[in-house]
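Grab a pencil and have a go at the exercises below. Each one sets a task and then walks through a solution, step by step.

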Amino acid sequence: MKDLLIPPGPGCPRGLTVPAAELSEQFTHTSGPGGQGVNTADSRVQLSLDLATTTALDERQRQRALQNLSERLTGTVLTVAAAEHRSQYRNRMAARERLAGLLRGALAPPVTRRATKPTRGSQRRRLAAKRRRAELKTLRRRPPAE
């Protein structure tokens, strides 16, 4: 297995290289299509990476990844599974892509929201919709007793 390369992006400006020795793969039977080979071929892949001990992340990146991926972690181990292909090789590639995507997303800094002013047109449309709704509700009322 080769090192996992993550291209440069937000949170990792020079990209990341996760050494192959730090990645752990497990293969199991998978459900789904595969014919007679589905019960004999171990094509499902579970790829794991321990975020606490990996040398690919610096301390700031490690803290951000542990915080952002806390729902997906078992202790400090991030595990992804791939079983959508019949081929073990293609599942291995899919799991590596999924792991790289998760790490990329977790390392990206949060985008701060900039408050904007509503446009004049959007304000007019909102008030016109409120007037139409109010008129509809007044038409539903019982007519006044005379």
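**Exercise 1.** Sort the residues of S6 into a covered face and an uncovered one.

*Solution.* Keep in mind that you're looking at a predicted model.
- Step 1: The covered face of S6 holds Leu78, Val80 and Ala82.
- Step 2: On the uncovered face you'll find Val77, Thr79 and Ala81.
- Step 3: Now look at the helix H2, which lies across S3, S4 and S6 and runs at about 140 degrees to S6.

**Exercise 2.** Work out the order of the strands in the open sheet, and find which ones stand at the edges.

*Solution.*
- Step 1: The sheet has four strands, and going across it you meet S3, then S4, then S6, then S5, with antiparallel pairing.
- Step 2: S3 and S5 (73-74) have a single partner strand each, so they stand at the edges, and one side of each has no neighbour in the sheet.
- Step 3: Check the pairing of S4 (residues 44-50) with S6: six bridges join these antiparallel strands. Here glutamine 46 stands opposite alanine 81 of S6.
- Step 4: Do the same for S5 and S6, which are antiparallel too and are joined by two bridges. In this pair, threonine 74 sits opposite valine 77.
- Step 5: Finish with the turn. The hairpin of S5 and S6 has two residues between the strands, and glycine 75 takes a positive phi near 70 degrees there.

**Exercise 3.** Find the salt bridges: how many are there, and which residues do they join?

*Solution.*
- Step 1: Start from the idea that side chains of opposite charge can pair when their charged atoms come close. The cut-off to use is a side-chain nitrogen of Lys or Arg within 4 Å of a carboxyl oxygen of Asp or Glu. With that rule, you get three salt bridges.
- Step 2: Take glutamate 25 and arginine 92, whose closest N and O atoms are 2.9 Å apart. This pair links distant parts of the chain, with glutamate 25 in strand S3 (residues 23-28) and arginine 92 in helix H2 (residues 88-107), 67 residues apart.
- Step 3: Next come glutamate 59 and arginine 62, at 3.5 Å from N to O. Both sit in helix H1 (residues 59-68), three residues apart, or about one turn of the helix.
- Step 4: The remaining bridge joins glutamate 84 and arginine 98, with 2.9 Å between the closest N and O atoms. Glutamate 84 is in the loop between S6 (77-82) and H2, while arginine 98 is in H2, so the bridge ties together parts that are 14 residues apart in sequence.

**Exercise 4.** Decide whether arginine 62, glutamate 84, arginine 98 and leucine 57 are buried or partly exposed.

*Solution.*
- Step 1: You need the cut-offs: buried is under 20% relative accessible area, exposed is over 50%, and partly exposed is in between.
- Step 2: Arginine 62 has 11% relative accessibility, so it counts as buried.
- Step 3: Glutamate 84 comes out at 45%, so it is partly exposed. Arginine 98, at 33%, is partly exposed as well.
- Step 4: Leucine 57 is in the loop between S4 and H1. Its relative accessibility is 7%, so it counts as buried.
- Step 5: See what surrounds that loop residue. Leaving out residues up to four places away in sequence, leucine 57 touches Leu16, Leu51, Arg62, Ala65 and Leu107.

**Exercise 5.** Step back and describe the whole chain: what is its pattern of helices and strands, and how does its radius of gyration compare with that of a compact globule?

*Solution.*
- Step 1: Count the elements: three helices and six strands. Along the sequence they follow the pattern β-β-β-β-α-β-β-α-α.
- Step 2: Compare the radius of gyration. A compact globule of 146 residues would come in near 15 Å, but this chain has 26 Å.
- Step 3: Add the dimensions: the C-alpha trace spans about 85 × 45 × 25 Å along its principal axes.
- Step 4: Look at burial and surface. Of the 146 residues, 28% count as buried. The chain exposes about 10600 Å², with carbon and sulfur atoms supplying 52% of it.

Definitions and conventions
Residues numbered from 1 in each chain as written. Predicted model: local features only at pLDDT ≥ 70, side-chain atom pairs only at ≥ 80, totals over all residues. Heavy atoms only, no water. Buried < 20%, exposed > 50% of the residue type's maximum accessible area, 1.4 Å probe, protein only. Pairing = 2+ DSSP bridges. Contact = heavy atoms within 4.5 Å. Axes fitted to C-alpha atoms, helices over the stretch in contact; angles between N-to-C directions. Rg over C-alpha atoms; globule rule 2.2 N^0.38 Å. Areas by Shrake-Rupley, 256 points an atom, 1.4 Å probe, with all protein chains shown as cover.
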